[in-house]
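Please look through the structure below, and then follow the explanation that comes after it, moving from one residue outward to the chains.

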Amino acid sequence: MSAQTEEVTAAVPAPRTGKGGAPPLAGGRRRAGTAVPYLLILPTVALTVLLLGWTMVKNGLLSFQELNRRQLIRHVTEWIGFDNYSEVLGSSEFWSVTGRSVVFTAVNVVLIMTAGCLTGLLLARLGTKLRLLLSLGLVLAWAMPVVAATTVFQWLFDQRFGVVNYLLDALGWHSMAGYSWTGDQLSTFFVITVLIVWQSVPFVAINLYAATTTIPKELYEAAALDGAGSWKQFTSVTFPFLRPFFLATAFLEVIWVFKSFTQVFAINEGGPDRLTETLPVYAFQEGMGSQHFGMGAAISILTIVILLALTAYYLRLVLKQEEDEL
Amino acid sequence: MRRSALDRRTGSGSLLGRVWPGATAVVLFIVFAFPVYWMFATAFKANRDIVSDTPVWFPTSPTLDHFTRAVEADGFWTFVGNSLTVTVIAVGLSLVIALLASFAVARMRFRGRKSFILVMMMAQMAPWEVMVIAYYMIVRDADMLNSLAPLAAIYTVMVLPFTVLTLRGYVAAVPKELEESAMVDGCTRFQAFVRVIFPLLAPGVMATSLFGFITVWNEFPMVLILNKETGAQTLPLWLTSFRTTFGDDWGATMAASSLFAVPILILFVILQRKAVGGLTSGAVKG
């Protein structure tokens, strides 16, 4: 939704004339008005600094401390410099979790964007009735709360009475009858991926469809007059028009998938044998589970750094765009 | 010429071109709707139909037993009350605060405006799930574990950046001329906002609050860590612990999931079309 809004505001070149453009704001009014925007953003800034900014700082501070169960109970602070970091960065476990998280994110985002865009373009082609039907299905999946969806997918993939195993068996893959999906690393990831893709495609599809409706019909007519076929129309009109939207959505999906905790944790708690722990779950298990809070904080800082690195390209794009707008 | 090109684009050229989009749409509908359907179907089915080697596709002898068991589970109404409390506080508070900020950002020029937007964008992608340990320490040091207040406050900030950025788009989409003409007619800027912009923002406010509502209603890691006592827990925890408590009682688990999902599903289906409608019509007007 936010991506769509960004799209719309970006697509409509609103004449940002600023306060100078408003004639009634003349003379002394203007000077008195300089404090107004700051007062308006003050509550937002204050809350964000207090509850997000300070937490970030706190997270950083914790990552330099030896903070286990003992220190927690006695309320002592033991500074240990970069020890947590060197320990984390030196462990092969951390790097395998990192690699796993990156691959997991890449696979999910590619699947989501491909399926989402195809579904969105399909929506644009359908007649009213079928479009309504498909939209209904998409909206149902989109609206399904994450935690509820997780329990439902556990039920769908249940070993004995799950529908998925029944269908696979009925379709001729008999070894899948009674298959335990959570018993193996890859199959657990498969369930998590199906769940995440199922939940995320509607967002991409519906917003992409909404974006196609804002493409001026004249563009297609002009392209048709120039003799462009449907593929040429897609590449020369639809795709360029949807590109910023596509980038914004892919960027959001990278963030969402990379930091998804609930799905990964609730499906199998990172199991079997901690083999499906992605970075957020890993930080949680190390920090809260093993009560190595300082270590967990260090992992979470590293996770944030990795997330920043993954999204750096788009972030820079957004920053530049915002700069150009002013 | 023009017509035939448009026809080709909408795929009504050949029989195959007409059939496959429809067929795909139906298949996709089933794929997306089935898990939701299966949740409700299982919730209403009798136990012998749930644990059957061949799935029973429709609840032929529907029963409310599972719902009774779910609702009578320990502390259900406490969880409901807690969830509603934190959701309403967080969404309401963030909406009020964000409206002020989004108006400033969309309509005024001031030094730091750009930085503010950038900070909001960064804040929007803040990995809350990853920072739970720091939140745990802060709330613990304040001696406020197992309480709803820190939870509501954190949730407010969690949905705030999204709310600001989204509302900014909606405010910017309201033609400036409307506001200006109201001011020419003698309204103050504040009056112009309340009388002209605010009513036009209604779909945007609804859409935004809907997404805030979903975020908070769903939130799991934070409450998992902060509130270990059941008296201060919310529905997501109740639901995830449900399967453990009830063993493999899929009927009751699905009934619980249904109860949890229904408010969101209803709100979403009603509001989503309005939201997208408001969005696109706003864009066309702008």
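## From one residue to two chains

In this predicted model, a convenient place to begin is M183(B), which is found in helix 9 of chain B, the helix that runs over residues 176–184. Is M183(B) buried or partly exposed? Counting C-beta neighbours inside 10 Å gives 18 for M183(B), and because a residue needs 20 or more to be called buried and 12 or fewer to be called exposed, M183(B) counts as partly exposed. Further along the chain, R195(B) is twelve residues from M183(B) in sequence, and the C-alpha atoms of the two are 11 Å apart in space.

Helix 9 belongs to a chain that has 13 helices and zero strands, so that its pattern, read along the sequence, is written with α alone, as α-α-α-α-α-α-α-α-α-α-α-α-α. Chain B has 286 residues, and buried residues make up 48% of them. Among the contacts in chain B with a separation of 6 or more, 76% are between residues 24 or more positions apart.

The domain assignment of chain B gives two parts, domain 1 (2–63) and domain 2 (76–285). Where these domains touch, seven residues of domain 1 and seven residues of domain 2 take part in the contact. On the domain 1 side, helix 2 (15–44) and helix 3 (47–50) of chain B each supply at least two residues, and it is helix 2 that gives the most, with four residues. Sorted by class, this side of domain 1 has four nonpolar, two polar and one charged residues.

The interior can be approached through the largest nonpolar core, which has 165 residues. The residues with the most contacts inside this core are A148(A), I133(B), Y135(B), V171(B) and M222(B). Helix 8 of chain B (residues 148–173) provides the largest share of the core, 16 residues. Since domain 1 and domain 2 of chain B both give residues to this core, it lies between them. As for M222(B), if its neighbours within four places in sequence are left aside, its contacts are W128(B), V132(B), Y135(B), L151(B) and I154(B).

Chain A, for its part, has 15 helices and two strands, and 43% of its 326 residues count as buried. Of the contacts in chain A with a separation of 6 or more, 67% are between residues 24 or more positions apart.

One helix of chain A shows how buried and exposed residues can be arranged around an axis. In helix 11 of chain A (residues 217–225), the residues Y220(A), A223(A) and A224(A) are buried. They are on the same side of this helix, because they cover an arc of only 100 degrees around the axis. An α-helix has 3.6 residues a turn, so residues three or four places apart point the same way. The face of helix 11 turned away from the buried side carries the exposed residues E218(A) and L225(A). After helix 11 of chain A comes G227(A), whose phi is positive, near 85 degrees.

Finally, how many residues of chain A are in contact with chain B? There are 89 of them, and they are in contact with 93 residues of chain B. Helix 3 of chain A (residues 36–62) gives the most to the side that touches chain B, with 15 residues. By class, the residues on this side of chain A divide into 60 nonpolar, 21 polar and eight charged.

Terms used: Residues numbered from 1 in each chain as written. Chains lettered and ligands numbered in written order. Predicted model: local features only at pLDDT ≥ 70, side-chain atom pairs only at ≥ 80, totals over all residues. Contact = placed C-beta atoms within 7 Å. Nonpolar A, V, L, I, M, F, W, Y, C, P; charged D, E, K, R; others polar. Domains from an automatic or database assignment. Arc of directions from axis to C-beta. Core = buried A, V, L, I, M, F, W, Y, C linked by C-beta atoms within 7 Å.
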